[in-house]
Amino acid sequence: MNAPLKEPLADGERRGRKASKETRRQQLIEATIDSLAKRGYSET
């Protein structure tokens, strides 16, 4: 079964190294929250 597609990025939003500083910061925050939710604090 295929994973659901993510929402398209808003104008000016990019992924990876070309992303703006604020966009990248938000991506890192969201990834940290996901990791904490899935693995817990001690394994993150």
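The chain's secondary structure comes to 1 helix and 0 strands, where helices (H or I, at least four residues) and strands (E, at least two) are DSSP runs, numbered from the N terminus. Keep in mind that this is a predicted model: local features need pLDDT of at least 70, side-chain atom pairs count only at pLDDT 80 or more, and totals for chains, interfaces and linings use all residues. Residues are numbered from 1 along each chain as its sequence is written, and side-chain values use heavy atoms, with hydrogens and water left out.

Let's start with the surface. The chain has 44 residues, and 9% of them count as buried; buried means under 20% relative accessible area, exposed over 50%, and partly exposed in between (1.4 Å probe, protein chains only). About 4,600 Å² is exposed by the chain, with carbon and sulfur atoms supplying 52% of that. These areas come from the Shrake-Rupley method with a 1.4 Å probe, and for residues only the protein chains shown count as cover.

Now for the helix. H1 covers residues 21-39. Its 19 residues should span 27 Å at 1.5 Å a residue, and the end C-alpha atoms do sit 27 Å apart, so the two agree. The expected span here is 1.5 Å times one less than the number of residues. Right after H1 comes Gly40, with a positive phi near 85 degrees.

Which residues of H1 are buried? They are Thr23, Gln27 and Ser35. Looking down the axis, these buried residues fall within an arc of 105 degrees, so they line one face of the helix; the arc is taken from the directions from the helix axis to the C-beta atoms. Lys21, Ile33 and Ala37 are exposed on the other side of H1.

Here is how four residues of H1 compare on accessibility:

| Residue | Relative accessibility | Class |
|---|---|---|
| Thr23 | 13% | buried |
| Ser35 | 19% | buried |
| Glu22 | 48% | partly exposed |
| Arg25 | 48% | partly exposed |

Two of the buried residues make side-chain polar contacts. Thr23 pairs with Ser20 at 2.8 Å, while Ser35 pairs with Thr44 at 3.2 Å. A polar contact is a pair of N or O atoms within 3.5 Å; within protein, one must be able to donate a hydrogen and the other to accept it, and residues adjacent in sequence count only if both atoms are side-chain atoms. Setting aside neighbours within four places in sequence, Ser35 is in contact (heavy atoms within 4.5 Å) with Gly40 and Thr44.

Finally, the charged pair. The whole structure holds 1 salt bridge, meaning a side-chain nitrogen of Lys or Arg within 4 Å of a carboxyl oxygen of Asp or Glu. The side chains of Glu22 and Arg25 form a salt bridge at 3.7 Å, N to O. Glu22 and Arg25 are 3 residues apart in helix H1, so about one helical turn separates them.
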